[in-house]
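Visitor: I have a structure open and would like to learn how to read it. Where do we start?

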Amino acid sequence: MAEYHKNMLAKIHQSDGSTSQHAVADLAELPQGTMRTVKAGGQRIVVCHTATGVYALDNACPHQGYGLVQGDLTGETLTCQWHNWKFRVSDGTCTFGEENVRAHPCQVTEEGTVIVTITEPSPEQRRAELWPSLGRALARHYTGQIARDTARLLKAGATPAEIVRAGLEYGLPRAEYGWGHAYAVAADALTIAEARSGDDRVLPLVHALDGIAESELRRPLRVGPEPAAPTGAPAGTATATGAPAGAAAVVHGDPAAVFRALVEHEQVPQAEALLIDAIHRGVGAAELRGWLIGAVSDHHLGFGHCAIYLQKAYGLLERLGTDRATLRLVLAPLVPDIVLATRYDTLPFMRPAMRAIGSVDLEALAAAPGRRTTGWRDRGHLLDAMLTRGPVPITAAVEAVGAGGGIDGLLDTVVLAASHHLLRYDPAEDFDHRNEFGWLDITHALTHANAVRWAWRMAPGPDTARLALFAVFMAHDAGRAAWRGRASDLTPQWEPAVGDLKAAVSDRRVDDAVAMALGLPVGDVADALERAAFDDRAGSFIVAATS
């Protein structure tokens, strides 16, 4: 039999570029209702003989690679034994499961020789096949298929930015209330993926797409407004309680001012239509950034989420481009989120802080040197105030800015305060169902401070100075666990240690992890934490926040 196949292969084997024909079997040795594996073009193929003909499929199930020849051939259906996925043998269509298996043309000569044609698609052809498959996986939130298609797309030459864009194009038009956590994570995941190479890019991209698919599962396309030019101030331009006086100051026909007033008065369709109209008229990303920063700064929106989402949106634009289609895709969905977000500055628990902020001369605060003066040090005064129970230290914050700290120095201290709160926090608190406060409340202060720093550097002025004071409130508020006796009084002390940081984090060995982090270069710590975060699929898809 070996000699027969050798002669047969010598007789029938022709190749034309990426297409080759391979004689693989004698029909007499493949009775109807049976199947067998063969090699063709360096691939393992399962050849099936049914009542309607002879067919060839990749032997590896697209789910987890189990050999289809180990399964069951019933009629025209081949069932994988491992997880019961079912495939139509004539064309590889998956009739139960997530994705199709590749089918190969098969013919039988008059002499009974089974010939399989193997065609290797070009990278362009392969990508063209895979984009619709990824779209189907996103629509059904099939994490496994998302992962497999992501890996295949990268192998076929797709870029991480193209893959994330596919997720955005699926998800954002379906986002009922605009931006959410999934899109902020997508921005961070793309940053991380682009800093990696090879298969290391897959996991962050899968987290990004999986979060989008989870968020928008079964949501229909959202019907957005058509572009509309500004018509002037909305009816009733009195500012909301606690809003800055300038929020309702509208110059007739000034699109930026009208947009800000529409946001203030919660007119979602009109504000979104105005932004879309500006994009269509060619208003660029930089000018639109000013519109959006101004609108975000009028309130402490969504406990800081809107400022964070705005920064992440512009991080995406840096990688995806700023053509009109991309601007509309990324920026328009920010509008409903900004307009409808809770205005925390109007709530009772924040009123004392807002009275203190209201007494600050924001013009003067913004006029102080924005960057920290060489040699300036907080010397613990502002930091101690942020770590101490009592009124939000707005006065101490203003004094620090004027004494040479600048807004950047102020935000440095905010980050230090939130970091101290995080080190004092007992992770066991996250497992107490009675506790409404968790580590995410503290890390949120860090992410918000990063967004405020970005906004200040992009558009320094009274509006972003106010955002910096909101960041002071956030850092102080992150001490709620300490105020309630649920945290240690002092920041613990650790000695640097050597070990596997990623393993320590994954095993929840807190003290070991911190000690190991102290013994590693900053870049190695960041890499280990990123890998540990992306390996953790227990719970929320909020996995990364990069600066």
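**Reading the core and a pocket**

Guide: This is a predicted model. Start with one residue, Leu-331. Beyond residues up to four places away in sequence, Leu-331 touches Leu-275, Leu-288, Leu-292, Ala-313, Tyr-314 and Leu-317.

Visitor: How should I read such a cluster of side chains?

Guide: In soluble globular proteins, nonpolar side chains tend to be buried together. Here the largest nonpolar core has 121 residues. Phe-259, Leu-288 and Leu-331 have the most contacts inside it.

Visitor: Which helix gives the largest share of this core?

Guide: Helix H16, residues 394–424, with 11 residues. Apart from this core lies another, of 15 residues. Cys-48, Leu-68, Leu-73 and Trp-85 are among them.

Visitor: Is His-448 buried or exposed?

Guide: His-448 counts as buried, because its relative accessibility is 1% and the cut-off for buried is under 20%. His-448 is found in helix H17, residues 439–458. Leaving aside neighbours within four places in sequence, the contacts of His-448 include His-300, Ile-308, Phe-470 and Met-474.

Visitor: Now pockets. What is the general idea?

Guide: Rolling a probe the size of a water molecule over the atoms shows where empty space is left. In this model, the second largest pocket has a volume of about 800 Å³. Its lining has 26 residues. Closest to the centre are Arg-102, Arg-126, Glu-129, Leu-130 and Arg-152.

Visitor: Which elements give two or more residues to that lining?

Guide: Helix H2 (123–140) and helix H3 (143–155). H2 gives the most, with 6 residues.

Visitor: And how does the lining of the second largest pocket split by class?

Guide: It has 8 nonpolar, 7 polar and 11 charged residues.

How values were computed. Residues are numbered from 1 along each chain as its sequence is written. This is a predicted model: local features need pLDDT of at least 70, side-chain atom pairs count only at pLDDT 80 or more; totals for chains, interfaces and linings use all residues. Side-chain values use heavy atoms; hydrogens and water are left out. A nonpolar core is a set of buried Ala, Val, Leu, Ile, Met, Phe, Trp, Tyr and Cys residues joined through side-chain atoms within 4.5 Å. Buried means under 20% relative accessible area, exposed over 50%, partly exposed in between (1.4 Å probe, protein chains only). Helices (H or I, at least four residues) and strands (E, at least two) are DSSP runs, numbered from the N terminus. Contact means heavy atoms within 4.5 Å. On a 1 Å grid over the protein atoms alone, a cavity is a set of points where a 1.4 Å probe fits but cannot get out, and a pocket is an open set with protein on both sides within 12 Å along at least five of seven lines; lining residues have an atom within 4 Å of a point. Grid points are joined across faces, edges and corners, and a volume is the space filled by probe spheres set on the points. Ala, Val, Leu, Ile, Met, Phe, Trp, Tyr, Cys and Pro count as nonpolar, Asp, Glu, Lys and Arg as charged, and the others, Gly among them, as polar.
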